[in-house]
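Please look through the sequence and the structure shown below before reading on. The briefing that follows is grouped by topic, and each point can be checked against the residues themselves.

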Amino acid sequence: MAKAQLETYGRYTENGNIEPNINYSGAAKITDKISLTFFGLVEQKWSEALIGVKYSPTNTFSIGGSAGIEQGTNSPRYSASIWKLKGKTSLLVLGELGSGKDNYLYKVNLFHQYSDLFTFGLTGWRFHGVGPNFRFTVKKLSSTLWSMPAYDFESNTSKFMFGISYKM
């Protein structure tokens, strides 16, 4: 069984620009506990593609690793993640590393699902910022609308992200 998600969002920056992003991710089970994973991302000036493996000893915990390529370099890009679910609260910690000492990304999501329609959490995301994350699920469309006001401590700017995720 395979699962996939298409997500598109805009990152509104303090100078009034909207930076678009499209990404596609998914997993295909190899065994009950091991899945083949993939991730692709396209932005105006950068893109990447990763393929990897995820190990899920239970349905409430997984750990994964992947490798791939990034636009503009001849070196590989690596990613690792840990995901944990307890009740209706989930934690995702994700890191990526490319060529060069400043070529890394982190994303940390701590979410609580308050209902079938509403999830709220806190996100820390390099190049995006730290802030609350609001998610509204539209089950009939297999979609989630989300928004995240944030402050990016690295660039000392406020940003606002808004997007839609579509499960396939």
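**Briefing on selected residues**

T157 is buried, because its relative accessible area is 18% and the cut-off for a buried residue is under 20%. The model is a predicted one, and this residue makes a useful place to start reading it.

**T157 and its surroundings**

- T157 belongs to strand β12, which covers residues 157-167.
- The side chain of T157 makes a polar contact with the side chain of S155, at 2.7 Å.
- When residues up to four places away in sequence are not counted, T157 touches E14, A150, Y151 and D152.
- A150, seen from its own side and leaving aside neighbours within four places in sequence, is in contact with H128, G129, V130, G131, T157, S158, K159 and M161.

**The largest nonpolar core**

- Seven residues make up the largest nonpolar core, namely Y9, L105, W125, W146, M148, A150 and M161.
- Strand β11, which covers residues 143-152, supplies the largest share of this core, with three residues.
- In soluble globular proteins, nonpolar side chains tend to be buried together.
- Y9, W125 and W146, which are listed in this core, also form one aromatic cluster.

**Aromatic pairs**

- The structure holds nine aromatic pairs, and two of them are described here.
- In the pair of Y24 and F38, the ring centres lie 5.6 Å apart and the planes meet at 35°, so the pair is tilted, given that planes under 30 degrees apart would count as stacked and those over 60 as edge-to-face.
- Y24 lies in strand β2 (residues 18-29) and F38 in strand β3 (residues 34-43), so this pair ties together parts that are 14 residues apart in sequence.
- Y24 counts as partly exposed, at 35% relative accessibility, and F38 is likewise partly exposed, with a relative accessible area of 32%.
- F118 and F136 form another tilted aromatic pair, with 5.2 Å from centre to centre and 40° between the planes.
- Because F118 lies in strand β9 (residues 118-125) and F136 in strand β10 (residues 129-138), this pair ties together parts that are 18 residues apart in sequence.
- F118 is partly exposed, with a relative accessible area of 24%, and F136 is also partly exposed, with a value of 43%.

**Charged residues over ring faces**

- K107 lies over the face of W125, at 3.9 Å from the ring centre, and W125 is one of the residues of the aromatic cluster with Y9 and W146.
- R126 lies over the face of Y104, at 3.8 Å from the ring centre.

**Loop residues with positive phi**

- S142 is not a glycine, although it has a positive phi of about 50°, and it is found in the loop between β10 and β11.
- S142 is partly exposed, with a relative accessible area of 36%.
- N156 is also a residue other than glycine with a positive phi, in this case near 55°, and its place is in the loop between β11 and β12.
- N156 is exposed, because its relative accessible area is 51% and the cut-off for an exposed residue is over 50%.

Technical notes:
Residues numbered from 1 in each chain as written. Predicted model: local features only at pLDDT ≥ 70, side-chain atom pairs only at ≥ 80, totals over all residues. Heavy atoms only, no water. Phe/Tyr/Trp six-rings, centres within 6.5 Å; stacked < 30°, edge-to-face > 60°. Helix = DSSP H or I, 4+ residues; strand = E, 2+ residues; numbered from the N terminus. Buried < 20%, exposed > 50% of the residue type's maximum accessible area, 1.4 Å probe, protein only. Lys NZ or Arg CZ within 6 Å of the ring centre and 35° of its normal. Core = buried A, V, L, I, M, F, W, Y, C linked by side-chain atoms within 4.5 Å. Contact = heavy atoms within 4.5 Å. Polar contact = N/O pair within 3.5 Å; in protein donor to acceptor, adjacent residues only side chain to side chain.
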